[in-house]
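Biologist: Could you choose one part of this model and take me through it closely and patiently, explaining each term as you go? I should also like to learn how the rest of the chain is described.

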Amino acid sequence: MNRLDLFPDTTKINNDSLTIAGHSLAALADTYGTPFYLYDRATLDNSTAGYKTALASHYPGPASVTYAGKAFLCIAIAQWTQPHALYVDCTGEGEIAIAMAGGAPREHILAHGVNKSIADLNSAIQHAGTIVVDNIFELNRVKELIPNPQSPISIPQPPIPNLWLRLLPGVTVATHHTHTQTGQHESKFGMTREEILEAAQFCKDHNLPLNGIHFHQGSNFRDASPLKSAIELGLDLAKEIGFEQDWHFSPGGGWGVAYHEDELPQPDVNEYVRVIAENVIAGCQAHGLPLPHLHLEPGRSLAARAGVAVYRVGAVKRRGDKVWILTDGGMTDNPRHAMYGARYSCLPVSGPGGERSEVVSIAGPYCESGDVVIEDLPMPKILAGDLIAIPVSGAYQLSMASNYNGARKPAVLWLEDGAVKLIQRRETVDDLLRRDEGL
Ligand SMILES: Cc1ncc(COP(=O)(O)O)c(C=O)c1O
């Protein structure tokens, strides 16, 4: 399998060195320093088009794609979502603020989260088009917080967001680790069938604008078949709640991507969308339901392959059979291997086509033995001072980055043909000190 196929669509080898969207990674490292991350706009656009084309060919009803901001959100990414008319899934007031700063309109902001704070809910009520309610406690809080339409106050109130209920389908999808499953019986997410019916009754009793059902079964799966019974359960509940026209149905996101050449080919988005669309259509017919507005919520499968992490090697250590490549990035910008054993691949920026003569492990500079990003990967010979590029780095890396050991989050670049934009500058020591008050 070709390791280069894991990289963004515009990746090429020029003069024996990696380029993306026509930009030399070595030259970018000289200009912006390392570690840095890049996003290739063409890959983001192409992934989005893949979802839209599949929806257009398989689903005759209204349909939208929501970008799951938890994969990685910053102002530039939020701005990029808007010409594509993407909704933005925002967890909490922080992501809502970023989406708004990037110009996402209220009707495109979807407020998610498993235990939303009062501040999260107030922000969602002010700025979101939809709140996806996770539990009954939260629903009670929403009822208390929304402006009472009967109140005599004459101040104009913003429109009240629509409410969807998050179903816990109790159906497990196969992901690479249990930490990325969310739909199984014992999960902390969402409501059981009985709780959904109780919540729906609560909405009726209190005149709350309930108009949708959502579930999300996990992240990075490549077998869509467990979605079928979850869709069936969701449609069954929609019927029982009594949705009629203009209702919304979101079977979440979670479609996988290949991180390692052993996992190629890429999971097929068209197949994923086909399974969802056909089951929603058939289920609606069986239940006598009108087709809902169908929302898909991909994060990883839009952003992961568009992103690349570029690190500089500082030292090479040989310990018996083990070869450690020590780099300037690691678990603080990519905790996924440390958290749940995620596998990655990698190429040297210079000489990427060289013979893979050595099996190496790639570790960062932080004070944890678990600060490892890649284990046991065949690579061409790597020397101190070389640059390496890790593909499929666009999702759940920077969004889970930390300042452990005083690490400063890397610079993030946006690459288009003929243009480079620094969309997030590297953090500085001043950034680290900014919140501190001292004694
Ligand atoms: C509610 C919800 N929607 C969408 C997603 C996106 O998942 P993925 O990035 O795997 O597509 C997640 C991720 O966990 C989620 O929790």
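Modeller: What follows is a close look at one helix and its packing, and then at the chain around it.

Please keep in mind that this is a predicted model, in which local features need a pLDDT of at least 70 and side-chain atom pairs count only at pLDDT 80 or more, while totals for chains, interfaces and linings use all residues. Residues are numbered from 1 along each chain as its sequence is written.

The part I have chosen is helix α9, which covers residues 269–287; helices (H or I, at least four residues) and strands (E, at least two) are DSSP runs, numbered from the N terminus. Consider α8, residues 227–241, whose axis comes within 9 Å of that of α9 and crosses it at roughly 35 degrees. Here an axis is a line fitted to C-alpha atoms, for helices over the stretch in contact, and an angle runs from 0 to 180 degrees between N-to-C directions. The crossing of α8 and α9 is right-handed, a word used when the near helix is turned clockwise from the far one by less than a right angle, whereas an anticlockwise turn is called left-handed.

To see which residues do the packing, we need the meaning of contact: two residues are in contact if their C-beta atoms, placed from the backbone, lie within 7 Å. On the α8 side the residues are Leu-227, Lys-228, Ile-231, Glu-232, Leu-235, Asp-236 and Lys-239, and they meet Val-275, Ile-276, Asn-279, Val-280, Gly-283, Cys-284 and His-287 of α9. Sorted by class, this contact of α8 with α9 holds 7 nonpolar, 3 polar and 4 charged residues, where Ala, Val, Leu, Ile, Met, Phe, Trp, Tyr, Cys and Pro count as nonpolar, Asp, Glu, Lys and Arg as charged, and the others, Gly among them, as polar.

Helix α9 also packs with α2 (residues 41–58), at an angle of about 35 degrees and with the axes 9 Å apart. This crossing, too, is right-handed. From α2 come Gly-50, Tyr-51, Ala-54, Leu-55 and His-58, which meet Val-269, Asn-270, Val-273, Arg-274, Ala-277 and Glu-278 of α9. The contact of α2 with α9 divides into 6 nonpolar, 3 polar and 2 charged residues.

Along the sequence, the loop between β11 (248–250) and α9 holds Pro-265, and the peptide bond from Leu-264 to this proline is cis, with omega near 5 degrees. A further cis bond joins Thr-34 and Pro-35, with omega about -5 degrees, and Pro-35 sits in the loop between α1 (25–32) and β4 (36–40). Most peptide bonds are trans, and most residues other than glycine have a negative phi. Asp-16, which is not a glycine, has a positive phi near 60 degrees and lies in the loop between β1 (12–14) and β2 (17–20).

Stepping back to the whole chain, we find 12 helices and 20 strands. Its radius of gyration, taken over C-alpha atoms, is compared with a globule rule of 2.2 Å times the number of residues to the power 0.38; for 439 residues a compact globule would come near 22 Å, and the chain's 23 Å agrees with that. The C-alpha trace spans about 70 × 55 × 40 Å along its principal axes. Of the contacts between residues at least 6 apart in sequence, 71% join residues at least 24 apart.

Buried residues make up 48% of the chain, a residue being buried if 20 or more other C-beta atoms lie within 10 Å of its own, exposed if 12 or fewer, and partly exposed in between, with C-beta atoms placed from the backbone. Leu-167, in the loop between β9 (162–166) and α7 (193–205), is buried because it has 26 such neighbours. Beyond four places in sequence, its contacts include Leu-233, Gly-234 and Leu-237. Gly-94, in helix α4 (residues 92–101), is partly exposed, since 14 other C-beta atoms lie within 10 Å, while Asp-16 is exposed, with 12.

Finally, 18 residues surround the ligand, the closest being Ala-68, Ser-219, Gly-253, Gly-299 and Arg-300; a residue is near a molecule or strand if its C-beta atom, placed from the backbone, lies within 6 Å of it. This shell divides into 5 nonpolar, 9 polar and 4 charged residues.
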